[in-house]
Amino acid sequence: MNFKTFLFGVIAVGAVSGGAYLYLEKRHTAEIQAARLEEAKPIAAPAVTVMKVTTENFVETAAVSGSLVPREEILVSPEVDGLRVLELLADEGDKVKKGQVLARLVAEQLDAQLAQNDANLARSTAAIAQAESQIVQAEAQAKEAAAQLDRAVPLKQSGYLSGSMYDQRESAARTTQAQLLAARDGLKAANAEKAQVEAQRRELQWRRSNTDVTSPEDGVISRRTARIGAMAAANGEPMFRIIEKGEIELDAEIVETEMKNVRVGQKAIVTVPQVGDFEGKVRLVSPEVDKTARLGRVKIFLGINPVLRIGSYARGRIETASSRGLAVPSSAVAFDHDLASVQVVSDNKVHRRVVKVGLVTNDLIEIKDGVSEGDLVVTRAGTFLRDGDVVRP
């Protein structure tokens, strides 16, 4: 290699290196300018979902559940024991009237006792008549003995009557007086015996009249346990169970925290699965809460409805309060300790407002103060937005 060749090679390499450097410099400058232009562009505001504040009706409810029961249940048992069931005249599901005969018991034994009582009554009546005649006889004898004693007194004093004869007349007067007292006591005993027989007769007649088992009130028979030939027992299982007037109510349990809002007379909707919805009213709020389950009891009166069956499960919603006011979605309200707030969008900017909340219905919450009708509120409150942030509603 000669010197000319070497010099030419050095010049060529230098030219290539210089061109590469100029290219890289120009590229770096273009990237910087593009970045500056990108930074100069305005940042797009985030999009948020909003909803207008509107006026809605609010109904606050308390949930309950339980079983259908009779408003009042009547237990019908026989008034007399020891008699067999002769005939049954009513069955489950029958509507009955007050005084209607439901069953009859065998009465032959009572009829025999009444016949015997008739004989005892006749005997006591005859004993009274005999005692009265004995009194009349005893009174006559006592009167005669007293007269003889009165006549004997002056004769004894004059000496015409011996002392022994006077003593006999005095003894006779005392004896007849005692007989009179005994006859009168006999009449009292006869009257007492007759009164006892008459009392027994009244009891037998009462028992005889109650061999017909009747309904004490109008209603619907829900259960019949009586069987023909069975022995009736006043202290055993009732022969019939009657739903008084056919009225039914819901005996339900309610959470302790919601019980404070429930009042007698409030409206309620009771749902019986696979049957339907029925309107009712709160009839009773129990003053007691179960200390273990923390549940209270309420009774919702439903009235007369043939499709309702006692013992069925049902759930209810009691209307504890109602109002009409401004509404926003429940998700739009943020709670921080005791304060509630919403995010209102005005002029494409977010403004936090403290509000006063009211009733809650489904997914809406009532706002009593803090917003006006037509305001735009962010439907889902969150921490990613702050006061003054620019948004696209």
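**Strand pairing, a helix pair and a nonpolar core**

Strand 2 (residues 54-70) lines up with strand 10 (residues 247-255) in the antiparallel sense, and the pairing runs over 7 bridges. This is a predicted model, and everything that follows should be read that way. One place to look for the pairing is P70, which sits opposite I248 in strand 10. Strand 10 also pairs with strand 13 (residues 295-304), again antiparallel, and here 9 bridges hold the register. Within that pairing, E249 has F301 of strand 13 as its bridge partner.

Next come the helices. Helix 2 (residues 108-158) and helix 3 (residues 163-209) have axes that come within 7 Å and cross at roughly 165°. An angle over 145 degrees counts as roughly antiparallel, and helix 2 and helix 3 are therefore roughly antiparallel to each other. As for handedness, the crossing of helix 2 and helix 3 is left-handed. The contact between helix 2 and helix 3 is a mixed bag chemically: its residues split into 23 nonpolar, 15 polar and 14 charged.

Turning to the sheets, one is an open arrangement of 3 strands in the order 4-6-7, with antiparallel pairing. Strand 4 (85-88) and strand 7 (212-214) take the edges with a single partner strand each, so one side of each has no neighbour in the sheet. From one strand to the next, the twist averages 25°. Strand 6 (residues 101-105) is joined to strand 7 by 3 bridges, and the two run antiparallel. A handy landmark in this pairing is R104, whose bridge partner in strand 7 is D212.

Another open sheet has 4 strands, ordered 3-9-8-5 and likewise paired in the antiparallel sense. In this sheet the edges belong to strand 3 and strand 5 (95-96); each has a single partner strand, so one side of each is left without a neighbour. Starting from the strand 5 edge, strand 5 and strand 8 (residues 219-224) pair antiparallel over 2 bridges, with V96 standing opposite G219 of strand 8. Strand 8 goes on to pair with strand 9, also antiparallel, through 5 bridges. There, R224 finds its bridge partner in F240 of strand 9.

F240 turns up again in the largest nonpolar core. This core has 21 residues, and those touching the most other members are V76, L102, L105, I221, M239, F240 and I242. Two or more residues apiece come from strand 3 (73-76), strand 4, strand 6, helix 2 and strand 9 (240-244). Strand 6 gives the largest share, with 3 residues. The core thus draws on strands from the sheet ordered 4-6-7 as well as on strands from the sheet ordered 3-9-8-5. Helix 2 appears here too, as a contributor to the core and as the roughly antiparallel partner of helix 3.

Methods: Residues numbered from 1 in each chain as written. Predicted model: local features only at pLDDT ≥ 70, side-chain atom pairs only at ≥ 80, totals over all residues. Heavy atoms only, no water. Pairing = 2+ DSSP bridges. Axes fitted to C-alpha atoms, helices over the stretch in contact; angles between N-to-C directions. Parallel < 35°, antiparallel > 145°, perpendicular 65-115°, else oblique. Left-handed = near helix turned anticlockwise from the far one by under 90°. Nonpolar A, V, L, I, M, F, W, Y, C, P; charged D, E, K, R; others polar. Core = buried A, V, L, I, M, F, W, Y, C linked by side-chain atoms within 4.5 Å. Buried < 20%, exposed > 50% of the residue type's maximum accessible area, 1.4 Å probe, protein only.
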